[in-house]
Amino acid sequence: MTMTAEPIVDVAPEELQRLLDAQRAAQALDPIPDAATRRDRIDRFVAAVLEHGHQLAEALDADFGGRPPTISMELDVLGGLETIANTRENLEVWMAPTPVPPAMGGAIPTFVQKRPKGVVGVIGPWNFPVVLVFVPAVEALAAGNRVMIKFSDMTPRTGAVFARAVASRMSPDEVVVVNGGLQTATAFSDLRFDHLFFTGSPKVGRLIAAAAGKNLVPVTLELGGKNPAIVAPDADIAEAATRLAAARLVNNGQVCLCPDYAFIPKAGKQAFVEAYRKAVLTHFPTFVDNPDVVSIVNDANYARITRLVEDAKSKGAVEVVIVPEEEKDRLPDATSRRIPPTLLLDTPADAELNTEEIFGPVLVLHTYSDVDEAIAYVAAGEHPLSSYWYGADTDDFQRFLLNTTSGAVSRNDFALAYINHAAPFGGIGMSGSGAYHGKAGFDTFSHRRPVAHSDLPTGLVGAFVPPLTPERIETVASTAAAVAADIVSRLRRPDGLG
């Protein structure tokens, strides 16, 4: 089925503001929706997406210029359902007020109320444009919010289908989908939301954070980075290579969680290359005309990836292209935007792809003599969204956990921390800020407001205003001196304990 691209029409800032005002007015009429209302909104939203699942998959195939609908159904349409089911089932527990220990010896009981923040803006990416707005929007609904979604303009056909799908089940004062180009995206990020959620690149993330900062809008940023993989000295080289090949080729490498580079023991280099080659050819025995291949999303990204590879080669990197011999002279192909699975060996430090996220089917391979060299290299770089370790849970792995920082760590497989709906998912530093998935998402989109009570016969606040009597001055001074003396005495002891 051929789908014609619908023209990208920008939405005027005044219309965006009108949509926000309408959602805010509706929220004011029901500021803390009950669990039944939230669950109904979630169910209708999920139904809208699933009812249009095959249309969304066909649109994604057209937008990418080649993406198997089965992959889109598996990863983009159905990919978030387990997390969504967990969120739906736990609503009452998460919504319930949480008591905290009372102050003043029990005289001031306190609990924490979970309030919706209000209207949440969600800005989605192009690589998984459905699931990466689907899941955060559901979690915002679970927390009792209204949601405005800005769909990626790089997948316009999918955006048009998604907008129609959501409108078929949801009122625009509950969830509304906005399509448009850069002008719309800029105006959307300038809106005074109660929370703004963005998935995309660090470059755009900076712009989103700056725009939100002007309005003091809290932001969750789900970004990317140079995700490392270390194959440990004790690892099975062939098995690690097989698993890394699959990890690098998910969505043809267009995943923010894909490993960008790997460190392997120097002695295992040839064995790794051969095992990686075998694994790739098992997944893709042909490549040029294989209908299972996902194309690079657009011409700009195709040009960027091929430029990065050429830059590395011009500086001394050795390219290993993994396709049948008779196809090597036909790839990469700009018309179909197919870049072959590639290993880059002996890549010099000044190659651009050592600092720029590749987002394609290219893995940079480094070797080490001592695994601490690899750990130190990872630790010295920007914090990635995910780190990978292939090998046993040894002292080496524990040093890796101690000395490196990343959004998540997965050992012996791809994106394990991401698929566990009970674990928070998010980055740190250049790979993002904040987290979502399950309870973490509910908390992200909720304001946790402490509520304290006093039934004391006299107010406490009177103790903090004049008159400053001699007795009061003496009490404060003697208390401060006693506390300081106690702390100093503990500092003088070797164990720091009193």
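**Close-up views of a predicted model**

**View 1. The whole protein chain, shown as a predicted model.** Of the 498 residues that make up the protein chain, 50% count as buried. The chain contains 18 helices and 16 strands, and its C-alpha trace spans about 95 × 65 × 35 Å along the principal axes. If one takes the contacts between residues at least 6 apart in sequence, 75% of them join residues that are at least 24 apart.

**View 2. The two residues that carry the "active site" annotation.** An unreviewed UniProt entry gives this annotation to Glu222 and Cys256. Although these residues span 35 positions in sequence, their C-alpha atoms are no more than 9.2 Å apart, so they gather at one spot. Both Glu222 and Cys256 are included in the lining of the second largest pocket.

**View 3. Glu222 and its surroundings.** Glu222 belongs to strand E7, which runs over residues 219–222. With a relative accessible area of 3%, Glu222 is buried, because a residue counts as buried when this value is under 20%. Leaving out residues up to four places away in sequence, Glu222 touches a set of residues that includes Phe197, Phe198, Thr199 and Gly200, and also Phe425, Gly426 and Gly427. Ser431, Gly434, Ala435 and Tyr436 are likewise among the residues that Glu222 touches.

**View 4. Cys256 and its surroundings.** Cys256 is found in the loop that lies between helix H11 (237–249) and strand E9 (261–265). The relative accessible area of Cys256 is 15%, and this residue is therefore buried under the cut-off of 20%. When neighbours within four places in sequence are set aside, Cys256 is in contact with Asn127, with Leu223, Gly224 and Asn227, and with Glu357, Phe359 and Leu385.

**View 5. The interface between domain 1 and domain 2.** The domain assignment of the protein chain gives domain 1 as residues 13–223 + 437–449 and domain 2 as residues 228–421. The centres of domain 1 and domain 2, taken over C-alpha atoms, are separated by 31 Å, and 19 residues of domain 1 are in contact with 19 residues of domain 2. The area buried between domain 1 and domain 2 is about 1,600 Å², and carbon and sulfur atoms give 58% of this area. On the side of domain 1, Phe64, Trp126 and His437 supply 29% of the area that this domain buries against domain 2, which is more than any other three residues supply. Zero salt bridges are found across the interface of domain 1 and domain 2.

Technical notes:
Residues are numbered from 1 along each chain as its sequence is written. This is a predicted model: local features need pLDDT of at least 70, side-chain atom pairs count only at pLDDT 80 or more; totals for chains, interfaces and linings use all residues. Side-chain values use heavy atoms; hydrogens and water are left out. UniProt positions are given in the numbering used here, feature names are shortened, and annotations may be inferred rather than shown by experiment. On a 1 Å grid over the protein atoms alone, a cavity is a set of points where a 1.4 Å probe fits but cannot get out, and a pocket is an open set with protein on both sides within 12 Å along at least five of seven lines; lining residues have an atom within 4 Å of a point. Helices (H or I, at least four residues) and strands (E, at least two) are DSSP runs, numbered from the N terminus. Buried means under 20% relative accessible area, exposed over 50%, partly exposed in between (1.4 Å probe, protein chains only). Contact means heavy atoms within 4.5 Å. Domain bounds come from an automatic or database domain assignment. Buried area is the accessible area (1.4 Å probe) that two parts lose on being put together, summed over both. A salt bridge is a side-chain nitrogen of Lys or Arg within 4 Å of a carboxyl oxygen of Asp or Glu.
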